[in-house]
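Please open the structure in your viewer and keep the selection tool at hand. The tour below moves from one selection to the next.

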Amino acid sequence: MAATRAITIASNSTCTLLRKKPFVGGTALSLGNLKFCRTRRSYTCRAIYNPQIVVKEEGQPETLDYRVFFVDKSGKKVSPWHDIPLRSGDDIFNFIVEIPKESSAKMEVATDEAFTPIKQDTKKGKLRYYPYNIHWNYGLLPQTWEDPSFANSEIDGALGDNDPVDVVEIGERQRKIGEVLKVKPLGALAMIDEGELDWKIVAISLDDPKASLVNDVNDVEKHFPGTLTAIRDWFRDYKIPDGKPANKFGLGNQAANKEYALKVITETNESWNKLIKRSIPAGELSLA
């Protein structure tokens, strides 16, 4: 049986957790204390108004069939990308863990599958692994999207990578696949992967012991010395062992500050809204 956990989600607003219409503005949602339990390969998070969201595993980890679905109390599958609100307060956001720190399986939300479960990425029919462990919790901001038709003039005209925005969470604890954390952004790295813009928002979970000490990119260097350089270098070099060139970075190879990170989040949330309203062609992306 897999180790699993319950995440209590409370709200100080009058909205529901699940999307009734495209998310606009600052829906507020706060996460309570994490509780851990053992069940048969599923774990729950109590959503506002007491509906339960069960994060349910199907298949065995490290197989092609393995999926982590989000399911409501009625048994209906919901999308972690589309149905979990982005915002959780003023400059506070919900972050969904795809890859726990100190692991190497390349897990990701399956943006082209119904209800966008988390799965292990594949290449030529084989499961993908990073060549070495990632040293931070890694995942996505829900209700964001990097538009592949938008050329960012500030980043050498690079086009979006057609995915939700990535988050690198620098807290001390290793988290679990599918866990939802309340985080504050601290900076942003503009990674360019084979010509596509792939933002990395550097953030910290509010329950981390050092969370109160870091509020902007300069604080990261002070309280987590060397971390920004390590993140940049890790993402720059991880494809080299596979014979691919190093990734590049815009903005002078430096991490932008919190204000810039918030701008990135706002712009990509606006792009997601256009996508979900079908103002922009979805292509193979699942909007369910």
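Begin with strand 18 (residues 166-169) and strand 20, which pair in the parallel sense over 4 bridges. Strands here are DSSP runs (E, at least two residues), as helices are (H or I, at least four), numbered from the N terminus; two strands pair if DSSP finds at least two bridges between them. Within this pairing, Glu-169 has Ala-203 of strand 20 as its bridge partner.

The model is predicted: local features need pLDDT of at least 70, side-chain atom pairs count only at pLDDT 80 or more, and totals for chains, interfaces and linings use all residues. Residues are numbered from 1 along each chain as its sequence is written, and side-chain values use heavy atoms, with hydrogens and water left out.

Next, select residues 196-205, strand 20 itself: 9 of its 10 residues are buried. Buried means under 20% relative accessible area, exposed over 50%, and partly exposed in between (1.4 Å probe, protein chains only).

Add strand 17 (residues 158-160), which pairs with strand 20 in the parallel sense over 2 bridges; here Leu-159 is partnered by Glu-196.

Now show strand 19 (residues 180-193), which runs antiparallel to strand 20 and is joined to it by 10 bridges. Leu-189 lies opposite Lys-200. The two strands, 19 and 20, form a hairpin with 2 residues between them. In that turn, select Glu-194, whose phi is positive, about 50 degrees, although it is not a glycine. Glu-194 is exposed, at 59% relative accessibility.

Finally, go to Thr-116, in the loop between strand 10 (107-109) and strand 11 (118-120). Thr-116 also has a positive phi, of about 40 degrees, but is buried, with a relative accessible area of 0%.
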